[in-house]
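User: Please take a close look at one part of this model, the open sheet, and then at a buried charged side chain in a loop beside one of its strands in sequence. I would like one connected account.

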Amino acid sequence: LRFQDAVLSRGVVLFPKGARTVYSPEWTAAISGSYRAETTDPDHAIVLNASYAYRSMTNSRQFVSRAAGASFVRLFESEALSNLNTSVAFEARNWTISVFAENLLDARNALTPAQLDANVGPLRQRPRTFGLQGTFSF
């Protein structure tokens, strides 16, 4: 999505003509797969899962108004994001235990701009994470 006309506020151009709307990537893609292997016991199975997602860069704009009257728009462009997740699970009749890995590529890209007035850095993609998860059904 792009703006057909420039958007102004207090004489400051917030979005020039042709700019993409805030947080709207030009491209997104995702692929996932799952494989289930039955064991010799019909109540047990091993399940393999993998997923990959991609999002091209996005932008946002912060309108900054200073007490002295000077206003400006700060443009922030995020980096493209990619994320690879996997898991291996052992399933039984009423319980499951799985080992998982999230963000295997260990991308730590900025998702949001830093907050100028609050002295807060940007929100970043969560780092590579490994874990063990169990569920029980009754």
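Analyst:
**The open sheet and R20**

In this predicted model, five strands form an open sheet with antiparallel pairing, in the order β3-β4-β7-β8-β9. Its edges are β3, residues 28-38, and β9, residues 129-136, each of which pairs on one side only. On average, neighbouring strands of the sheet are turned by 15° against each other, direction ignored.

At the β9 edge, the partner strand is β8, which covers residues 95-102 and is joined to β9 by eight bridges. These two strands run antiparallel. Within this pairing, I97 stands opposite G134 of β9.

The other edge strand, β3, leads to the charged residue. R20 lies in the loop between β2, residues 12-15, and β3. R20 is buried but has no salt bridge. The nearest side chain of opposite charge belongs to E26, at 5.1 Å, whereas a salt bridge requires a side-chain nitrogen of Lys or Arg within 4 Å of a carboxyl oxygen of Asp or Glu.

What the side chain of R20 does reach is backbone oxygen. One such atom is that of S24, at 3.0 Å, and another is that of P25, also at 3.0 Å.

Leaving out residues up to four places away in sequence, R20 touches L1, R2, F3, F15, P25, E26, N59 and R61. P25 therefore appears both in this contact list and as a backbone oxygen partner within the 3.5 Å limit for a polar contact. E26 is in the contact list too, although its side chain makes no salt bridge with R20.

Conventions: Residues numbered from 1 in each chain as written. Predicted model: local features only at pLDDT ≥ 70, side-chain atom pairs only at ≥ 80, totals over all residues. Heavy atoms only, no water. Pairing = 2+ DSSP bridges. Helix = DSSP H or I, 4+ residues; strand = E, 2+ residues; numbered from the N terminus. Axes fitted to C-alpha atoms, helices over the stretch in contact; angles between N-to-C directions. Buried < 20%, exposed > 50% of the residue type's maximum accessible area, 1.4 Å probe, protein only. Lys, Arg positive; Asp, Glu negative; His and termini not counted. Polar contact = N/O pair within 3.5 Å; in protein donor to acceptor, adjacent residues only side chain to side chain. Contact = heavy atoms within 4.5 Å.
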